[in-house]
Amino acid sequence: MALPADMELAQGPLLLRWRPADAPALHMAVQESLETVGHWLPWCHASYGLDEAQAWIRHCREGWAKDEHFAFGVFERVSGTLLGSVGLNQRNRMHRSAALGYWIRQSRQGAGIARRAAKLAAGFGFEKLGLVRIEIVALVDNQASRRTAEQAGARFECIARHRLWMRDEACDAAVYALVPGDLVDSHAVG
């Protein structure tokens, strides 16, 4: 049974959701974050336009409808400011696992937002999707993303050779994993 595409998760100062009307805020957040997010994620580029933001949100909503991938915009609950995005993708039903990705707009990085959003999305994955494993995969030298994974309670497992394809090149990546007990241990689900 597919979950509704307009599902919202809220905890503390964060609200997680995507709506079609969020596209202009997404476009602005991407444009602000070219130097940091764009360094690690090739989709974050100078020519990223409003049409790409609209297409991304449509793609996310289709993922919900197909019960395949589950992305959220990360918003500040009080102000409604888009802070970034978090989501579960690469769902493997047979092994009850998925991958977790996140990014935070440049002006709000370093405040623990990605950690809190990652925990909230992982809790959703364990509780609503029945996952038993969630992987976080980051380029080896992406220290900020790796630190976020660790702070979210994920355990480092390995450096996987040629794990990610980035800018026409196979790259090694650090693999972290969360299992349900990791969130309980880190008081991630409230």
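In the hairpin that β4 and β5 make, with 4 residues between the strands, Arg96 takes a positive phi near 55°. This comes from a predicted model, and the hairpin is a handy way into its sheet. β4 and β5 run antiparallel and pair over 7 bridges, with Asn92 standing opposite Ser97 in β5. On the other side of the story is β3, which is joined to β4 by 6 bridges, again in the antiparallel sense. One of the matched pairs here is Phe72 with its bridge partner in β4, Val86. β3 and β4 also form a hairpin, this time with 5 residues between the strands, and Gly80 in the turn has a positive phi of about 80°. As for β4 itself, 8 of its 11 residues are buried, so the strand is largely enclosed by the rest of the structure.

Val86 turns up again in the largest nonpolar core. This core counts 37 residues, and the members that touch the most others are Val86, Leu100, Phe124 and Leu178. Two or more residues each come from β2 (14–17), β3 (70–76), β4 (82–92), β5 (97–104), α4 (113–128), β6 (133–139) and β8 (170–178). Helix α4 gives the largest share, at 9 residues. Leu100 shows what such a well-connected spot looks like: leaving aside residues up to four places away in sequence, Leu100 touches Val86, Gly87 and Leu88, then Ala118 and Ala121, then Ile134, Glu135 and Ile136, and finally Leu178. Apart from this core lies another one, made of 16 residues, with Trp18, Ala29, Tyr48 and Leu82 among them.

The aromatic residues deserve a look of their own. There are 9 aromatic pairs in the structure. In one of them, the ring centres of Trp18 and Phe75 lie 6.1 Å apart with the planes at 85°, so this pair counts as edge-to-face. Trp18 sits in the loop between β2 and α1 (23–32) while Phe75 belongs to strand β3, so the pair ties together parts 57 residues apart in sequence. Trp18 and Phe75 are both buried. Phe75 has a charged companion too: the charged end of Arg17 sits over the ring of Phe75, 4.2 Å from its centre. Elsewhere, Trp64, Phe70, Phe72 and Phe124 make up one aromatic cluster. Two of these names are familiar by now, with Phe72 being the partner of Val86 across the strands and Phe124 being among the core members with the most contacts to other members.

That leaves helix α5. Within this helix, which spans residues 143–151, Ser145, Arg146, Thr148 and Ala149 are buried. These four cover an arc of only 160° around the axis, which puts them on the same side of α5. The background is simple: an α-helix has 3.6 residues a turn, so residues three or four places apart point the same way. The packing partners of the buried α5 residues are β5, α4, β6, β7 (155–165) and β8. Ser145 gives a close-up of this face. Its relative accessible area is 14%, so with the cut-off for buried at under 20%, Ser145 counts as buried. Not counting residues up to four places away in sequence, Ser145 touches Tyr102 and Ala138. Just after the helix, Gly153 takes a positive phi of about 100°.

Conventions: Residues numbered from 1 in each chain as written. Predicted model: local features only at pLDDT ≥ 70, side-chain atom pairs only at ≥ 80, totals over all residues. Heavy atoms only, no water. Core = buried A, V, L, I, M, F, W, Y, C linked by side-chain atoms within 4.5 Å. Buried < 20%, exposed > 50% of the residue type's maximum accessible area, 1.4 Å probe, protein only. Contact = heavy atoms within 4.5 Å. Pairing = 2+ DSSP bridges. Phe/Tyr/Trp six-rings, centres within 6.5 Å; stacked < 30°, edge-to-face > 60°. Lys NZ or Arg CZ within 6 Å of the ring centre and 35° of its normal. Arc of directions from axis to C-beta.
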